[in-house]
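Look at the chain shown here and trace it from one end to the other. The report after it goes from the whole chain to one sheet and then to single residues.

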Amino acid sequence: QVQLVESGGGSVQAGGSLRLSCAASGYISSNCGKGWYRQPPGKGRELVSRITRYGDITSADFAKGRFTISQDNANTLSLQMNSLKTDDTAMYYCAADCYVGDSDSPSWHWGQGTQVTVSS
């Protein structure tokens with residue numbers, strides 16, 4: 001039932017910045033973790049940065065010091081990307097992992113993705 005829509009992707013030169021946003025169709029409860037993932041060309045999907053349902057932030061090594069995840073409001077998740085490199089070229093997805101009731105297994109919700117292309 002949760003729908004996520006990414007925006008903010010585009011083409012940028014190396015060293016530049018982009019800010020991605022993820023808008024939910026409704027309120028994302030405190031029982032949902034949320035984060036950003038990416039899939040470079042020819043590679044699998046990988047974690048960029050996420051906020052767990054407990055509020056902890058986990059980031060990939062390539063993101064540390066350059067990318068910052070934040071929840072701007074109850075319905076919006078953002079990823080500020082600075083000092084972009086060509087290796088950052090990928091489709092970027094936002095996702096929510098939501099826990100319902102007493103279940104310890106989440107239900108995942110994914111956006112459609114937004115393309116980020118970094119040129120040299």
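What follows describes a predicted model.

**The chain as a whole**

How many helices and strands does the secondary structure of the chain come to? The count is 0 helices and 11 strands. Read along the sequence, the pattern is therefore a plain run of strands, β-β-β-β-β-β-β-β-β-β-β, with each strand a DSSP run numbered from the N terminus.

The C-alpha trace spans about 50 × 30 × 25 Å along its principal axes. A compact globule of 120 residues would have a radius of gyration near 14 Å, and the chain has 14 Å, so the two agree.

Of the 120 residues, 42% count as buried. The chain exposes about 6300 Å², and carbon and sulfur atoms supply 46% of that area. Contacts can also be sorted by distance along the sequence. Among the contacts with a separation of 6 or more, 55% are between residues 24 or more positions apart.

**A sheet of four strands**

One open sheet is formed by 4 strands in the order S1-S3-S8-S7, with antiparallel pairing. Why is one side of S1 and of S7 left without a neighbour in the sheet? Strand S1 (4-7) and strand S7 (67-73) stand at the edges and each has a single partner strand, so one side of each has no neighbour there. On average, neighbouring strands of this sheet are turned by 20 degrees against each other, direction ignored.

The table lists the pairs of strands in this sheet.

| Strand pair | Bridges | Direction |
|---|---|---|
| S1 and S3 | 4 | antiparallel |
| S3 and S8 | 6 | antiparallel |
| S7 and S8 | 6 | antiparallel |

Single residues show how these pairs line up. Strand S3 covers residues 18-24. Leu4 has Ala24 in S3 as its bridge partner. Leu18 has Met81 in S8 as its bridge partner. Phe67 stands opposite Met81 in S8. Met81 thus appears in both of the last two pairings, with Leu18 and with Phe67.

Strand S8 (residues 76-81) is mostly covered, as 5 of its 6 residues are buried. S8 also forms a hairpin with S7, and 2 residues lie between the two strands. In a regular strand the side chains alternate between the two faces of the sheet.

**Two buried residues in strands**

Is Arg38 buried or exposed? Arg38 is found in strand S4 (residues 32-39). Its relative accessibility is 5%, so Arg38 counts as buried, the limit being under 20%. The side chains of Arg38 and Tyr92 are joined by a polar contact of 3.0 Å. Leaving aside neighbours within four places in sequence, Arg38 is in contact with several residues, among them Gly44, Glu46, Phe62, Asp88 and Tyr92. Phe67 is also one of these contacts, and Phe67 is the residue that stands opposite Met81 in S8.

His109 has its place in strand S10. With a relative accessible area of 15%, His109 is buried. Which residues are in contact with His109, leaving aside its neighbours within four places in sequence? They are Gln1, Val2, Leu4, Cys94, Ala95, Ala96 and Cys98. Leu4 in this list is the residue whose bridge partner in S3 is Ala24.

**Two serines in loops**

Where does Ser83 lie? Ser83 lies in the loop between S8 and S9. At 41% relative accessibility, Ser83 counts as partly exposed. The phi angle of Ser83 is near 50 degrees, a positive value in a residue other than glycine.

Ser103 belongs to the loop between strand S9 (90-98) and strand S10 (107-110). At 35% relative accessibility, Ser103 counts as partly exposed, because that class lies between the limits of 20% and 50%. A polar atom of the side chain of Ser103 lies 3.1 Å from the backbone oxygen of Ser105. Ser103 and Thr52 are 51 residues apart along the chain, and their C-alpha atoms are separated by 16 Å.

Methods
Residues are numbered from 1 along each chain as its sequence is written. This is a predicted model: local features need pLDDT of at least 70, side-chain atom pairs count only at pLDDT 80 or more; totals for chains, interfaces and linings use all residues. Side-chain values use heavy atoms; hydrogens and water are left out. Two strands pair if DSSP finds at least two bridges between them. Axes are lines fitted to C-alpha atoms, for helices over the stretch in contact, and angles run from 0 to 180 degrees between N-to-C directions. The radius of gyration is taken over C-alpha atoms; the globule rule is 2.2 Å times the number of residues to the power 0.38. Buried means under 20% relative accessible area, exposed over 50%, partly exposed in between (1.4 Å probe, protein chains only). Contact means heavy atoms within 4.5 Å. Accessible areas come from the Shrake-Rupley method with a 1.4 Å probe; for residues, only the protein chains shown count as cover. A polar contact is a pair of N or O atoms within 3.5 Å; within protein, one must be able to donate a hydrogen and the other to accept it, and residues adjacent in sequence count only if both atoms are side-chain atoms.
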